[in-house]
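Me: Please take a close look at one buried position in this structure and work outward from there. I would like to know what surrounds it and how the rest of the chain is held together.

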Amino acid sequence: MSASAENHRTSLADYRAALTAPGSRGAVIASLLARLPIAMIGISALLYVQRETGSFASAGLVSAGSLVGVSVGAVVQGRLIDRFGPTRPLLTTTVLFALAMTALVFAIEAHAPTLVLVPLAFGTGITEPMVGSASRALWTRLLPAGPTRNAAFSYEAISMEVFFILGPGFAGLLIAAPWAGTGIVAGAVTMVAGAVLFALNPTVRAWGPAPSSGGKLLGALASPGMRTLAIAALGFGAVIGFVEVAVPAAAAEAGNTSIGGLLLSAWSVSSVAFGVAYSLRPWPRQMGLRLPVLLAGFGALVALLALPGSLWGLALAMLAAGALITPQSTTHSAAIEIAAPKGTAAEAFGWVLTSVTLGLAFGQSISGYLVEHAGYEAAFLAAGAVGFALAGVVWLLRGTFRPRPSGAVTEAPELVGAAR
């Protein structure tokens, strides 16, 4: 791997070239459908459980259980995708996900105790089809290393932020429907449909097994740079996890529960806008510095969410904090280009997702406790402290991001011919 992930800037033409690459269109559309409800399902589940149990603490634990499941499933599915290609693993997990989600909804409706809901939520998480990881890894096979591939990774991050704009908003609106489970079911059906279409797409089906140079046990984490990236992603997820519980709690305290999802959409608006500009001129240029600087800045801006005394003030503060979300997601994808061993693309993305979701689970579970015992302001301050602490760890490990001439994920396009 050269230093392309660090030194090449993208342009708007690179975005166009990536999205019109031969064999990409059908996979891109199916991936969009599968990833669209990711944020909607999570927030809908949290609000659904809170509505049925009356407790943000219980809702946070159930949501955390699902996220822990996702963190495990991301790595397992990533290794299976690298070994067998995406189609069989995705179709299998999609069926299991539909069954697990059905069981969870019935348990919530039956007012099952939290001790029952948490393992069921874990089941939905571990079986959630990892279309996002497969979609990101697909670009390493469709496009050569360089600005166009970097633009594809930026597109993945930016599109996810669009989903985080739409998802919480839909969840907030649908929680007011006659049945509180409307949002989680609608999201699950959309995800299942998109995952099946993606898995059966000709370009995706042409993706064969890849030889792996990662360690048998650690896989992609055999690389020191990947371990550092995992810490940065953990901090990123933890900060968001605190906010995803504290913001609905702030809305509930203000007597307007349904607006909580819309408030969570606010910071994704600025994330998309700033994310495009950041991808054209990323800073700092060195990856070892970029990761801790972005995480520390994010923690500082989230800590400031404790200051506003009204929902309008909170919305404005979230617009500011959201500016550093997509830049971090894009940076994580670019860092994989430097750090991941050859043949571990899907697993490497899986480890990043695992780290983010473990962080989300930690943040949500602690935030639920703080909200009920110290107020939502304490949760925002704790989020900032966690972000700062892990940014310091990443800064100390910045030397692990050295461009390597070989062993990184630099596959040349190999699916284009098969997809034609």
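Reply:
**One position and its surroundings**

Thr326 has a relative accessible area of 0%, so the residue is buried. The cut-off for that word is under 20%. The model is a predicted one, and what follows is computed from it. Thr326 belongs to helix α16, which covers residues 325–339. Leaving out residues up to four places away in sequence, Thr326 is in contact with Ala157, Ile158 and Glu161, and also with Ser271, Val272 and Gly275.

The wider setting is given by the domain assignment, which lists domain 1 as 23–208 and domain 2 as 218–402. Taken over C-alpha atoms, the centres of the two domains are 19 Å apart. Domain 1 puts 37 residues into the contact between them, and domain 2 puts in 42 residues.

Aromatic pairs come next. A search of the whole structure turns up 7 of them. In the pair of Tyr48 and Trp179, the ring centres are 6.1 Å apart and the planes stand at 80°, so this pair is edge-to-face. Tyr48 sits in helix α4 (residues 38–53), while Trp179 is in the loop between α9 (147–174) and α10; the pair therefore ties together parts 131 residues apart in sequence. The two partners can be described by accessibility as well. Tyr48 counts as buried because its relative accessibility is 0%. Trp179, at 34% relative accessibility, counts as partly exposed.

The rings of Phe242 and Phe362 also make an edge-to-face pair, because their centres are 6.1 Å apart and their planes are at 80°. This pair links distant parts of the chain, with Phe242 in helix α12 (residues 224–253) and Phe362 in helix α17 (residues 345–373), 120 residues apart. Phe242 has 1% relative accessibility, so it counts as buried. Phe362 has 40%, so it counts as partly exposed. Elsewhere, Phe236, Trp267 and Phe298 make up one aromatic cluster. A charged residue is also placed against a ring: Arg398 lies over the face of Trp395, 3.8 Å from the ring centre.

Helix α10, which follows the loop that holds Trp179, can be described along its length and around its axis. The helix has 18 residues (182–199) and spans 26 Å from its first C-alpha to its last, close to the 26 Å expected at 1.5 Å a residue. Its buried residues are Gly183, Ile184, Gly187, Ala188, Met191, Gly194, Ala195, Phe198 and Ala199. Seen down the axis of α10, these buried residues fall within an arc of 140°, which means that they line one face of the helix. Val189 and Leu197 are exposed on the other side of α10.

One of the buried residues of α10, Ala199, leads to another helix. The C-alpha atom of Ala199 is separated by 8.7 Å from that of Pro89, although the two residues are 110 residues apart along the chain. Pro89 is part of helix α6 (residues 87–109). With a relative accessibility of 9%, Pro89 counts as buried, because the limit is under 20%. Not counting residues up to four places away in sequence, Pro89 touches Leu80 and Ile81.

To return to the starting point, Thr326 is buried at 0%, and its contacts include Glu161 and Gly275.

Conventions. Residues are numbered from 1 along each chain as its sequence is written. This is a predicted model: local features need pLDDT of at least 70, side-chain atom pairs count only at pLDDT 80 or more; totals for chains, interfaces and linings use all residues. Side-chain values use heavy atoms; hydrogens and water are left out. Helices (H or I, at least four residues) and strands (E, at least two) are DSSP runs, numbered from the N terminus. The expected span of a helix is 1.5 Å times one less than its number of residues. Buried means under 20% relative accessible area, exposed over 50%, partly exposed in between (1.4 Å probe, protein chains only). The arc is that of the directions from the helix axis to the C-beta atoms. Contact means heavy atoms within 4.5 Å. Rings of Phe, Tyr and Trp (its six-membered ring) pair if their centres lie within 6.5 Å; planes under 30 degrees apart count as stacked, over 60 as edge-to-face and the rest as tilted. A charge sits over a ring if NZ of Lys or CZ of Arg is within 6 Å of the ring centre and within 35 degrees of the ring normal. Domain bounds come from an automatic or database domain assignment.
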